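Subject: Model handover, salt bridges

Hello,

Here is the structure we talked about. Please look it over with the notes below beside you.

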Amino acid sequence: MRRRAAPALPEPGLADLAPDQRLRRLELTVTRRLDGLLHGQYRGLLPGPGSEVAGSREYRPGEDEVRRMDWAVTARTTVPHVREVDADRELSTWLLVDASPSMEYGTATLDKRELAVAAVAAVGFLTAGVGNRLGAQVLSPDGLRRFPARGGRTHLLGLLRTLLDAPRTGGYEETSAPAPPNLADGLAGVQRVATRRGLVVVVSDFLDGLPDDPDGAPPWEAALRRLTVRHQVLAVEVTDPRELELPDVGLITLVDPETGRHREVWTGDRTLRERYAQAAAAQRDQVHQVLRRAGAAHLALRTDRDWAADIVRHVHHQRRLAAAPAAARGGGA
């Protein structure tokens, strides 16, 4: 008698795992899914110049530039190969991680804060190497927490453990205490410590202080622009699907996590749902335009999507953009 297979159990989210298991799962995801697709010693999230030949590998149509073809190895093996280069300097990476109450929201497998931790893990493990250093500043209601730039896996795991185990705030309360630091404060703090040219990664939902005027500048745009003058800057935007559209589920109570304000909304109103979706789309487009004006690369991650696949697509897109000017110069010679 044939036995019926038991239904597959849903894969646990980060919050369902013990701290050490969560870290191990993150590391395995990065090393197995990303490390095999992003090649080279300095295979970070933004392409950088390289001058030291590090060997050859097989050519990948649609991904590699023909100008990097290693003709000697290709002739010897009869299989197309391209040259690999390593950056000729050590890499300093600084992270600014938004841990404000608006990041403590999620309706999918991960919430926004856990997705932010996954992005930090990807940056940390992919930029790890001999001589490389990683520093971080965490923006929370309690203040701006600083992690000095250091190398090594132990340092990275300590940062990830702190982010995963940080207590939930439940939103700001109106008190007489000084206002908590905002995104502009965090960016200014990174600028003070990132004295060496390198990579700056900002992980946030970028909702802080967005003006009602779509063409207006949020208070953190100037600080971000100053960082892009000296550093390569990657803005990792973290969103949840319910921030983009409302489901038809009747009467719900919406809560502003930053202020604690409540508002009841009848989601059965189709016109209201359409207006909400339009306003949310306009808001995300506003963030995109601000990041573009500031000169930062933009990586959008969603809690209901495969974040590892989104990172791989972003890296390949950035590499094509970086290779395009050089290819154009070669064609015009």
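Helix 8 (residues 307-332) holds both R313 and D310. They sit three residues apart, about one turn of the helix. Their side chains form a salt bridge, with N to O at 2.3 Å. Keep in mind that this is a predicted model. The two partners differ in exposure: R313 is partly exposed, at 47% relative accessible area, whereas D310 is buried, at 7%.

That pair is one entry in a count of 11 salt bridges.

Now to K112. Which residues are linked with K112 in a network of salt bridges? They are D205 and E243.

Take D205 first. The closest N and O atoms of D205 and K112 are 2.9 Å apart. D205 lies in the loop between strand 6 (199-204) and helix 6 (221-230), and K112 lies in helix 3 (residues 112-127), so this salt bridge ties together parts 93 residues apart in sequence.

Then E243. Its salt bridge with K112 has closest N and O atoms 2.6 Å apart. This pair also links distant parts of the chain, 131 residues apart. E243 is in the loop between strand 7 (232-239) and strand 8 (251-255), with K112 in helix 3.

Is the network buried or exposed at each residue? K112 is buried, at 0% relative accessibility. D205 is buried too, with a relative accessible area of 1%. E243 has 18%, and it counts as buried because the cut-off is under 20%.

Best wishes

How values were computed. Residues are numbered from 1 along each chain as its sequence is written. This is a predicted model: local features need pLDDT of at least 70, side-chain atom pairs count only at pLDDT 80 or more; totals for chains, interfaces and linings use all residues. Side-chain values use heavy atoms; hydrogens and water are left out. A salt bridge is a side-chain nitrogen of Lys or Arg within 4 Å of a carboxyl oxygen of Asp or Glu. Helices (H or I, at least four residues) and strands (E, at least two) are DSSP runs, numbered from the N terminus. Buried means under 20% relative accessible area, exposed over 50%, partly exposed in between (1.4 Å probe, protein chains only).
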